Amino acid sequence: MRICVLGAGGLGSIFGGYFAREGADVTLIGRKAHVDAINANGLKITGVQGEHLVKNITAVESADQAQGDFDYLIFGVKGKDNESAVAGAASLKGRVGAACSFQNSVIKEQLLSDWLGVEQVIGFATIEAGNLAGPGEANHNFTIPQSTYFGEMDGSSSQRVQKIVDLCNAAKIGTRAVDNIEQVIWEKVTQIANAAGWSVSAMAGVRELTMADGMVVQEGAEHYVQYARELIAVYKALGYQPENFFAPVSRLKELDSGSFEEAVQTVMQIGEGMRKNQYKGRTSMHEDVVRGRKTEVDFTIRPFVDKGEELGVEIPTVKAVYRIIKVLDSYLA
């Protein structure tokens with residue numbers, strides 16, 4: 001099996017490295033320092049699966065340097081880099097059997113369809129997390145037992161979906177093939193938009209604050225629940241019901257049910273649990289703001305604003321969060 005990862009940052013390197021460890025022929029397309037380090041010393045992966053050094057992997061700086069045809073292309077660039085990434089990877093068109101995307105967006109499959117053709121695209125959603133610890137080194141810092149889903153966009157079954165599912169499971173990434181991948185993608189983005197938009201709008205003014213710090217404050221938990229319920233209202237207006245596909249971290253069912261006060265207490269309890277376990281994590285959007293980088297707000301939160309208007313769902317908190325982050329985004333590099 002030949003796999004190409006376009007945009008081999010932290011998560012792309014982790015998946016690509018694990019696939020190579022299981023015997024796949026993997027090509028990573030990444031930045032020069034990362035590529036040079038991998039070619040000199042191999043790819044080091046640390047974190048939840050221990051420490052591994054993967055040497056049977058190819059790393060290049062551009063799509064033009066990627067040799068041959070690929071069974072799978074995994075698109076790993078940030079949403080804000082879509083246009084330049086696609087333009088720079090024109091030579092991959094016609095060389096890819098199936099394509100999927102890591103991005104936290106409900107439009108990522110359409111992007112790939114417009115570029116490579118709709119028949120080339122399969123749906124993909126994961127909440128595995130990682131980052132580049134340095135050139136040639138990726139840290140796999142988060143996983144859950146059932147973290148990853150693939151599926152054909154038309155709901156059918158296929159060998160190409162099952163093969164990538166089997167490879168992920170062999171690589172110890174808990175993965176399932178589903179016939180409702182579009183719903184899974186929307187639920188993932190609902191969850192991501194909730195955590196990301198809430199954390200930036202509530203805490204970005206103090207650099208040291210993390211998720212738990214905001215969740216244990218009554219007003220912070222109230223903001224979390226109000227914002228979550230509006231996002232979920234849009235999700236439900238699309239014809240879906242919360243399923244907690246990414247349990248145990250997903251709590252959309254709990255946030256949507258019961259009284260407002262009960263949901264607030266649930267959020268505060270989650271925050272207390274994070275503090276007890278000394279979890280100091282932040283969302284990638286929060287990290288972007290703290291580090292002075294433009295966010296992906298137009299790919300994660302803007303779709304809810306647009307769908308809310310289209311479907312007639314009142315979402316004043318979602319709109320306020322979007323506006324706040326857009327102001328910040330206007331001054332980020």
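Q: In which hand does α6 pass α14, left or right?
A: This is a predicted model, in which local features need pLDDT of at least 70, side-chain atom pairs count only at pLDDT 80 or more, and totals for chains, interfaces and linings use all residues. Residues are numbered from 1 along each chain as its sequence is written, and side-chain values use heavy atoms, with hydrogens and water left out. A crossing is left-handed if the near helix is turned anticlockwise from the far one by less than a right angle, and right-handed if clockwise. By that rule, the crossing of α6 over α14 is left-handed.

Q: How is the packing of α6 against α14 classed by its angle?
A: Helices are DSSP runs of H or I of at least four residues, strands are runs of E of at least two, and both are numbered from the N terminus. Angles run from 0 to 180 degrees between N-to-C directions, with axes fitted as lines to C-alpha atoms, for helices over the stretch in contact. Helix α6 (residues 181–203) and helix α14 (residues 316–329) have axes 10 Å apart and pack at about 65 degrees. Since 65 to 115 degrees counts as roughly perpendicular (under 35 is roughly parallel, over 145 roughly antiparallel, the rest oblique), α6 is, relative to α14, roughly perpendicular.

Q: How many charged residues are in the contact of α6 with α14?
A: Taking contact as heavy atoms within 4.5 Å, Gly197, Val200 and Ser201 of α6 meet Val321, Ile324, Ile325 and Leu328 of α14. Ala, Val, Leu, Ile, Met, Phe, Trp, Tyr, Cys and Pro count as nonpolar, Asp, Glu, Lys and Arg as charged, and the others, Gly among them, as polar. The contact has five nonpolar and two polar residues, and the number of charged ones is: no charged residues.

Q: Which strands stand at the edges of the sheet with the order β8-β11-β12?
A: This open sheet of three strands has mixed pairing, where two strands pair if DSSP finds at least two bridges between them. Each edge strand has a single partner, so one side of each is left without a neighbour in the sheet. The edge strands are β8 (122–126) and β12.

Q: What angle does α6 make with β8?
A: In the three-stranded sheet, β11 (residues 148–152) and β12 run parallel and are joined by three bridges, with tyrosine 149 partnered by arginine 176 in β12. α6 packs on this sheet and touches β8 and β11. The direction of α6 makes an angle with that of β8 of about 35 degrees.

Q: What is the average twist in the sheet of five strands?
A: The open sheet has the order β5-β2-β1-β6-β7 and parallel pairing. Its edge strands, β5 (58–60) and β7 (96–101), each pair on one side only. From one strand to the next, the twist averages 20 degrees.

Q: Which residue of β6 stands opposite isoleucine 3?
A: β1 (residues 2–6) and β6 (residues 70–75) run parallel and are joined by four bridges. Helix α1 (residues 10–21) lies across β1, β2 (25–29) and β6, at about 160 degrees to β2. Opposite isoleucine 3 in β6 stands tyrosine 72.

Q: How far apart in sequence are the parts that the pair of phenylalanine 15 and phenylalanine 102 ties together?
A: Rings of Phe, Tyr and Trp (its six-membered ring) pair if their centres lie within 6.5 Å; planes under 30 degrees apart count as stacked, over 60 as edge-to-face and the rest as tilted. The whole structure holds eleven aromatic pairs. One of them is that of phenylalanine 15 and phenylalanine 102, edge-to-face at 5.1 Å centre to centre and 70 degrees between the planes. Phenylalanine 15 lies in α1 and phenylalanine 102 in the loop between β7 and α4 (108–116), so the pair ties together parts separated in sequence by 87 residues.

Q: Which residue in the turn between β9 and β10 has a positive phi?
A: β9 (residues 129–134) and β10 run antiparallel, joined by five bridges, and glycine 130 stands opposite histidine 140. The two strands form a hairpin with two residues between them. The positive phi, about 80 degrees, belongs to glycine 136.

Q: Where does proline 248 lie?
A: The peptide bond from alanine 247 to proline 248 is cis, with omega near 10 degrees. Proline 248 is placed in the loop between α8 (218–237) and α9 (252–256).
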